[in-house]
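Me: I'd like a close look at one part of this chain, please. Could you walk me through it slowly, as you would at the bench?

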Amino acid sequence: MCSPSAGAIACPEHARLEEEYKAARDRMRNLIRLRKLTRMEERQLADEVAMAIARLKELAAKHGCERR
Ligand SMILES: [Zn+2]
């Protein structure tokens with residue numbers, strides 16, 4: 001159980017998932033900037049981002065520690 005604190009994410013598990021999400025998002029952005037992606041690549045990258053968001057939301061709901 002972690003308490004919501006101003007701006008910062010208190011629990012390590014949450015911070016890890018946030019990092020995963022950011023990494024997936026950055027990877028997608030970088031690849032899009034670098035070259036034209038195929039439809040499948042784009043879809044796969046978008047899926048990764050979506051899954052990271054889903055995991056984050058699930059954890060936030062369980063912990064009640066979602067950042068505002
Ligand atoms: Zn938490």
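How many residues does helix α2 have, and what does it reach from its first C-alpha to its last? Please also tell me what is around it.

Reply: Happy to. Please keep in mind that this is a predicted model. Helix α2 covers residues 39–63, which makes 25 residues. From its first C-alpha to its last it reaches 36 Å, close to the 36 Å expected at 1.5 Å a residue. Just after the helix comes Gly64, with a positive phi near 70°.

Now for the surroundings of α2. The chain's secondary structure amounts to two helices and zero strands, and the partner here is α1, residues 12–34. The two axes come within 9 Å and cross at roughly 160°. Since an angle over 145 degrees counts as roughly antiparallel, α1 and α2 are therefore roughly antiparallel to each other. The crossing of α1 past α2 is left-handed.

By class, the contact between the two helices has 12 nonpolar, two polar and seven charged residues. On the α2 side, the residues include Leu45, Ala46, Val49, Ala52, Ile53, Leu56 and Leu59, along with Glu48, Arg55 and His63. From α1 come, among them, Leu17, Tyr21, Ala24, Met28 and Leu31, as well as His14, Glu18 and Arg25. The spacing is worth a thought: an α-helix has 3.6 residues a turn, so residues three or four places apart point the same way.

Met28 is a good place to zoom in. This residue sits in α1 and, leaving aside neighbours within four places in sequence, is in contact with Leu45, Ala46 and Val49. Glu48 is 20 residues from Met28 in sequence, with 9.1 Å between their C-alpha atoms. Met28 counts as partly exposed, because it has 18 C-beta neighbours inside 10 Å, and a buried residue would need 20 or more.

Lys22, also in α1, makes a useful second stop. Lys22 has 12 other C-beta atoms within 10 Å and so is exposed. Its C-alpha atom is 8.6 Å from that of Ala52, although their positions lie 30 residues apart along the chain.

Finally, step back to the chain as a whole. Of its 68 residues, 3% count as buried. Among contacts between residues at least 6 apart in sequence, 68% join residues at least 24 apart.

Technical notes
Residues numbered from 1 in each chain as written. Predicted model: local features only at pLDDT ≥ 70, side-chain atom pairs only at ≥ 80, totals over all residues. Helix = DSSP H or I, 4+ residues; strand = E, 2+ residues; numbered from the N terminus. Expected span 1.5 Å × (residues − 1). Axes fitted to C-alpha atoms, helices over the stretch in contact; angles between N-to-C directions. Parallel < 35°, antiparallel > 145°, perpendicular 65-115°, else oblique. Left-handed = near helix turned anticlockwise from the far one by under 90°. Contact = placed C-beta atoms within 7 Å. Nonpolar A, V, L, I, M, F, W, Y, C, P; charged D, E, K, R; others polar.
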